[in-house]
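Good morning, everyone, and thank you for making room for me on the agenda. Please have the sequence and the model open in front of you while I talk, and stop me whenever a term is unfamiliar.

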Amino acid sequence: MNVLEVRDLRVEFPTHRGVLTALDNVSLSIRPGEILGVVGESGAGKSMTGLAVQGLLEPPGRIASGSVTLNGRRIDTLSDREMTRIRGREIGAIFQDPLTSLNPLFTVGAQLVETIRQHLPMSASAARARAVELLAEVGIPAPSERVDHYPHQFSGGMRQRVVIALALAARPSLIIADEPTTALDVSIQAQITALLRRLCAEHGSAVMLVTHDMGVIAETADRVAVMYAGRLIEIGEVAQVTRDPQHPYTQGLMGSIPALGARVPRLEQIDGSMPRLNAIPPGCAFNPRCPQAGPRCRRERPELFTAGAEKAACWLLEGGTA
Amino acid sequence: MKPIQAGLLATAALMTAVSAQAETLRWGSARDIYSLDPYSYGDSYTIAFMNHVYEALVRYDENLEIEGALATEWETVSPSVWRFHLREGVKFQDGAEFTADDVIASLTRVSDPASPLKGNLPAYKSATKVDDYTVDIELTGPYPLLLNDLTNILIFDAGWLKDNNAEKPSDAAAGVENYATNNANGTGPFSVESRTPDAKTVLVRNDGWWDEPRHNIDRIEFTPITSAPTRVAALLSGEINFTEEAPVQDLERLAAAPGVTLMETPSLRTIMFGFNRKPKLEDGRDNPFNDLRVRQAFDVAIDRDLLAKRVFRGKSRASGSMVAPEIPGYAEALDAYPAADPEKARALLAEAGHEGLEFSLVCTNDAYVNDEELCRAVVSMLSRAGFNPTLDSAPQALQTPKRAGGKADVYIIGWATLPMMDAYSLLQQIIHTKSEIWGVFNWGEWSYPEIDKLIEQASTEMDRDKRLALETEALQMAKDELVMLPLYQQPMAWAMSEEVESVMQKPDNKARHWLTRLAE
Amino acid sequence: MSADIKDRAAAPALKVRGLCKSFDVSAPWLNRVIERRERQILRAVDDIDFDVPRGGCLSLVGESGCGKSTVARIVTGLHRPERGEMRFAPGKSGQPMTAQMIFQDPYASLNARWKVFDVIAEPLRELKLRSGKQAIRDRVNELLEVVGLSPADGAKYPHEFSGGQRQRISIARALASEPEFLVCDEPTSALDVSVQAQILNLMRSLQDELGLTYLFISHDLSVVRHMSDRIAVMYLGRIVEEAPTEVLFARTRHPYTQLLLDTIPDVRNPHRDRPLRGGEVPSPLNPPSGCSFHPRCPFADDRCKQEKPGLISCDDGAVVACHRVEESGGIPAGEAVNA
Amino acid sequence: MLVFILKRLVNAVFVMMAVAFLAFAIFQVAGDPVEMLANEQMSQVDRDALRDRMGLNDPMPVQFMRFVGNAMQGDFGMSYRNNQDVIGLIAERFPATMELVLVATLISLVVGIPLGILTAIGRGRWYAEGLQFLSIIGVSLPSFVVGIMLILVFSVILGWSPSFGRGEVVDFGWWSTGLLTPSGRAALVLPAISLSLYQITLIMRLVRAEMLEVLRTDFIKFARARGIPRHRIWFRHALRNCLMPVVTMTAMNVGALIAFALITETVFQWPGMGMLFIQAVTFLDFPVMAAYLVIISFIFVVLNTMVDISYAIIDPRLRSAR
Amino acid sequence: MSRQYQTPAMTPAADARTPSQETGRRVKWRESEIYRSFRRRPATVAASVLLLFLVVTAFLSPLYVPQNPYDPAQLDLLNAEIPPIWQADGQWPFILGTDSQGRDVLSAILYGSRVSIVIGIAAVALSLVVGITFGLLAGFYGGVIDTLLMRLGDVLLSIPTILVAILVSSLVRQALPASLRDVGAAGVLVLAIVLSSWVQYARTVRAQASVEREKEYVLAARVLHVPGRRIMLGHILPNTLTPIFVAATLNFGMAILTEATLSFLGIGMPPGQPSLGTLIRLGNDYLFSGSWWIVVFPVMQLSLLVVTVNMIGDWLRDALNPKLR
């Protein structure tokens, strides 16, 4: 059974100009212990997917249709009170900026103990012991001392480790990590992604890794879901997608990443930019930028077609052929 | 509960209990007294209030006739020397015996060069002790109004003054507080229990008073409430049960309120306008007010009847006289005033060549009843009669330097001839040319030698009828010259609740609560 | 190609020698006196040399706080160098070239209250490069087209554009002053990948068309590799390795450069289970003694802790500051130790 | 930390010197105190003697230093109007004003904070919008109008409370309190409400703004993602983070409130420092005006300095930063 | 305390707010966020309409009111205390009745509003000029200028606003010659309000300017060697105006209130040229006398004026605050 099963998820934001569709029929699933990368440019809806799963959409955003199932239980219909019991307990979260994710007025220990005791029946002293343990586990030196320090006394990388400890505090089966390395220095990023990978393997937690960085995905995730303008356009094994992307957008994306290995005179580029949510063209959202777009692409929206080991939403792949 | 707290609560309970049981007069006034020291300012309100605590040698009775107080008898030893026989067995509130030394110490104190009350005893030269209960007061010359003056000279205890280093009147410049400013020790019907300036002054019955008390008051709580509507609200809600300053505009409502009694009458205080009469005005123009026609135009521009009707709701007495009818020296002929006639005023102004005359009217807004309202109304009347006045309205404290310094073109002044209760007061202080003891309030600096002559004659004329005839003549001359422009006798309205049975109201507008009876 | 680069390097567009810049970040005087603290000097740029080849591109690479942006600001005149020499070669006009700059944040680099037209016209007006309304208008329109926008876009405000378009406007503004030398401070790090490719391509083609010289600042080795002829790697205010691009990637000598290469995720060649290199970037306020990289260096020994390594030149054009490399006569540090 | 305190103190002294100079300047600008003191009959010789006695012929700096020296010993001279030692006059009224201000502050906190929370967490709901609208009216109604209306309704029409003054007071040494007698407490109600009304709206709006701000921070979102229940987030995390500015503003505003109380005191005939000051202003009683100015500013500066310092003590981030 | 919390990545709603690109300026205003948020709040619309009405009626009042309440020659005691027109004794043309001097209450209120509004506008405008100038200089140049200006501000802020205003207006008025006192009263009031309110603007501008100074668009201008003065006025100033605009709106309400308070205390506008505060002070004496209209209408006008201004200010603050979008 999948840890997470998202079916035809549609998220809408009613505005004075009409309803914006932030997520449009997104379906994906994560198996136990699996790391699913969700990748896309800013505004593609990748973070929104994570928030929708956690029930943390900012009003007036709302799930308009579709379903979210966690460990076989449907959670998108739960009340906020019920979701509170799931968040932290069954879904851990890691946010982008470790500088702002922690309440500056509480020690990291207090925040850990609060989270642990919220979800697990534990005495205060046991929770504290567990907090120290967690800090040790995420690689913070001298954890029994550091547990009483305030967030501002930690460096960025260390703070992100604390955030990971908080996410793991109640041993959730799913962790949603939203750009966990973007705010960090290059040489620290690798430490954090590796830590995340190792801990999830040890804990058996599945991870939804939301990032804009294909490189991080390639190095960390097992499978990858590519999003564009609120839609899922390609999903598959990481190696497959990076090596042999099926959707023209993914192809362009891969081509536009400068290579470390060899130098090309000119990068492949996708002209234009991703449409704003209030101006998504009919048919395939990518059609105005797509070099291979045909008339059908401008009219009808393609569904996900299977192409080998992956699926991609492109008419070119209809019937499993490119 | 801790013992200290318990004690405090008990004290509090006790205090409220006392104030609930005692017969208390809760007196809401429009202003506070300045000091407990009656000699600290030449302020008659303070003196009148302190008269409940201190007494003078003589006092006015219910008919405003002079009777003995701390003196029992007096006679003139020579035209300029008066002998006073003092009442025996009178004790100050601290227990000290009242003797001739106290009178001499008090007279010395009040006539000190720094004393602001010096002018209230103009003819005083010296005092000598004849024996413990006899004092001679020597004057600068024959002077008929000494007794009138003495009603206002309150007597201190010599020993108390000496012990507390208060033998001289207070002097703000010296930067030292005068003991008498915050403490009092008189012979009067009440003694001071406590005082918080601007908040509350509490007097309690003096059981050792020499006189037979006609009041039944145990306690007077004197509270200044400067805001008129608040004062009315306080009376209506029963927080005070007496005020001698019921706002004119609220009288109708107060009269209709259940349990409120009003006592209204025109007072002795005459409100007048004075003119700058120096050769030049403050801004350097030739002074138009030296032209009688301009003053006459001013006179006929003002509709006194309308002022009385509207600004004072019929409670004031429109007047052409500078003194009230009750004041010796008054004559009916003085009281005539012209009917308002803006056209005539215009014509007079035009004749004098001063159409559209610009000038400043310096007016108080806290000294007299509805003074600001009055001035605004007058400004509008004058404007319609071809004048072009600018109203400068501010508290008395700010306006007096301007008025006294000759910076005002036209100014308001009120005069009640108190404490003298004689037209001579007005003639001497206002009408006479400014010099030495004369014309202290001759702010416009006019000079009419013929009138001066009459005033000086009156000052030494010991025959009352002759003196009053002289005074009336002087007043008539002053009126003909429009030296001052009298408008009306201002109204006074006292209001009290049912808790007050009776009070003695006299046109001098002084509360005499040793004659007040509260409902039992 | 390498001969070409050497020719250009013979007459560099910008020659920098012994450049130093420090900032006084000490606590206020009173604090120092009472708390007996010392003056704190941040040595942002510590004695660096480099040449920017005319018509070429030199890149400065390093993590945040390494001083690369300070260098950019010194070169553009925003900071005054504390010590050292900085000489621009004469440009087409015979006067020394002046540097223009392209900034990192496309949202902060344009005045939101100004129309795009005015943003681009500002240099024309300030430097009096064109006079007359029509001439300015024509030039602005021309510049808009050069960067791939339309003249109609001049009437809009910056907020109406996407990040990539704004960066194009920035480039147009920089070009308006007709510079021969451009300092690009992380021009694409705020952009999405597909847009980054557009901007990088645009910059490359502009370089070719207009003969521009670039000083390119970035933390991203792959972008740098794509753009530059030479690369200088900075660490805590110093250049630790400088080499022609291909040389740097082929023979990475300095352990820090190696660390960067190892940790950068590579889509095409993911090294998934690489060993974790620990450690944090030390505070530039209090740099380690000797070689400032020694606490994180797997090859460090006592000499590295005590002695600051000098720059040594290798025969393939690389310059490295590393005792290991020096000791082994130019062999990369990793290989030298392993050998 | 020590340095910080020292700095604040130096700053406070500097400000006080400047204020003292202003107060001193009042005398200089306002004209000749001799003219105010002398009565009409005083001769020129006497005037000159008086001038000399008061030290008015000394050079300005000497006079200023003497003013400061005297002021530090609590000597501001004698009131022209009351012939009393100014500092004694003010001390007599100090308890009345302080009691009024403190009770008003208490009311404003007790009412303002819950209302602020309510409007923040119910943003968009009818009751929150309603309260918000009321608060605009609250800041818009002039204090004297509020006072007059309260008297009209509660004293005159309903007769529930006294319309002026302080009621019975009990003395403790130099402090007099109206809190221990029924009439004192009754007299306090209307003025305190009138004075606190503006403060309530200020606190309410501040709490609302701070709450809204804090509620949108990452650490609050992260706390939600950790499964911390809403009420705990509101009252523990958010409230605690926004209490600091509220407490700061309240403490700092005590000074402003003391000054502002003069309007309330005028309307309610409350025998406090403000009424003394207003009367001094109409009588041009310069020693009282100067002393009041210096004392109010002193209270103001002391409060500000204390708030600044305690701020540094409380906030963990500021603690180590300094 | 500096707040460093960043707002998270754009939500789609925020993204959608930027106006569409193909239209002209006027249409843009109609589609702008400000305009929309304005239209969404009927209370704000109502307040604006009401405020506009109050301001226009006040300023045009000389054209249509039955009397000039500042001209004493037009006042007649015979008309004193006439109740409003709808009461039994009401008389045309005194729609809202007359006061104790026969002054038409409606005329007095409208003229009084004009005085209050003019004083409010003048005070805010002058505070803006002083505050922005000082704030820009301090924020852009820093150093000694900054320290001096901000310390000066500290001192002024250490004296409560109302106290500064009272001191200034009582002392300065005293120093004026009698003939100028009435004419100068408005000026003195403006001065009194400005003295304590410019600091707020200066601090806001300074804070904003020292942030903007480091922004890249300013650096870009500096790379071009644009002179400091032009950078300040052309680049930094426009970008500091939004918070200033909000503060100015709210302070306009405050200025009107301060003026009213001073006048109520008797140290503001004189009774001959009353502002709303003076009218309330004068009318207050008639609170219990039955002539309620003398005080009630000025109170209503003042409250309406300030409430509408504050409602607009409050809305502006929310609408222009990027954090609250």
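The accessible surface of chain E comes to about 12,900 Å², and 64% of that surface belongs to carbon and sulfur atoms. Please keep in mind throughout that this is a predicted model, and that every value I quote has been computed from it.

Let me stay with chain E for a moment and describe how the chain is built. Its secondary structure comes to 13 helices and zero strands, so that reading along the sequence you meet one α after another. Chain E has 325 residues, of which 59% count as buried. If we take the contacts in chain E with a separation of 6 or more, 68% of them are accounted for by residues 24 or more positions apart.

Now I would like to go back to the surface and look at one part of it. Which residues form a nonpolar patch on the surface of chain E? They are L52(E), V56(E), L60(E), L63(E) and Y64(E), and together they have about 520 Å² of accessible area. Two helices of chain E, α4 (42–59) and α5 (61–64), each supply at least two residues of this patch. Let us take V56(E), which lies in helix α4 of chain E, as an example. Why can V56(E) be counted in a patch, when we might expect a valine to be covered? V56(E) has a relative accessible area of 39%, which makes this residue partly exposed, and because a patch residue needs over 30%, V56(E) passes that cut-off.

The last part of my talk concerns the place where chain E meets chain C. The contact takes 27 residues from chain C and 23 residues from chain E, and between them the two chains bury about 2,200 Å², with 53% of this area on carbon and sulfur atoms. On the side of chain C, the residues that lose the most area to chain E are L78(C), R113(C) and E126(C), which together make up 25% of what that side buries.

E126(C) deserves a second look, since this residue also forms a salt bridge with R230(E), in which the closest N and O atoms are 2.8 Å apart. The count of salt bridges between chain C and chain E is one, while the number of residue pairs in polar contact across this interface is nine. As for the elements involved, β5 (99–102) and α4 (116–126) of chain C are those that give two or more residues to the side touching chain E.

How values were computed:
Residues are numbered from 1 along each chain as its sequence is written. Chains are lettered from A and ligands numbered from 1 in the order in which they are written. This is a predicted model: local features need pLDDT of at least 70, side-chain atom pairs count only at pLDDT 80 or more; totals for chains, interfaces and linings use all residues. Side-chain values use heavy atoms; hydrogens and water are left out. Patches are made of residues with over 30% relative accessible area and no salt bridge: like charges are joined within 9 Å, nonpolar side chains (Val, Leu, Ile, Met, Phe, Trp, Tyr) within 5 Å. Accessible areas come from the Shrake-Rupley method with a 1.4 Å probe; for residues, only the protein chains shown count as cover. A salt bridge is a side-chain nitrogen of Lys or Arg within 4 Å of a carboxyl oxygen of Asp or Glu. Helices (H or I, at least four residues) and strands (E, at least two) are DSSP runs, numbered from the N terminus. Buried means under 20% relative accessible area, exposed over 50%, partly exposed in between (1.4 Å probe, protein chains only). Contact means heavy atoms within 4.5 Å. Buried area is the accessible area (1.4 Å probe) that two parts lose on being put together, summed over both. A polar contact is a pair of N or O atoms within 3.5 Å; within protein, one must be able to donate a hydrogen and the other to accept it, and residues adjacent in sequence count only if both atoms are side-chain atoms.
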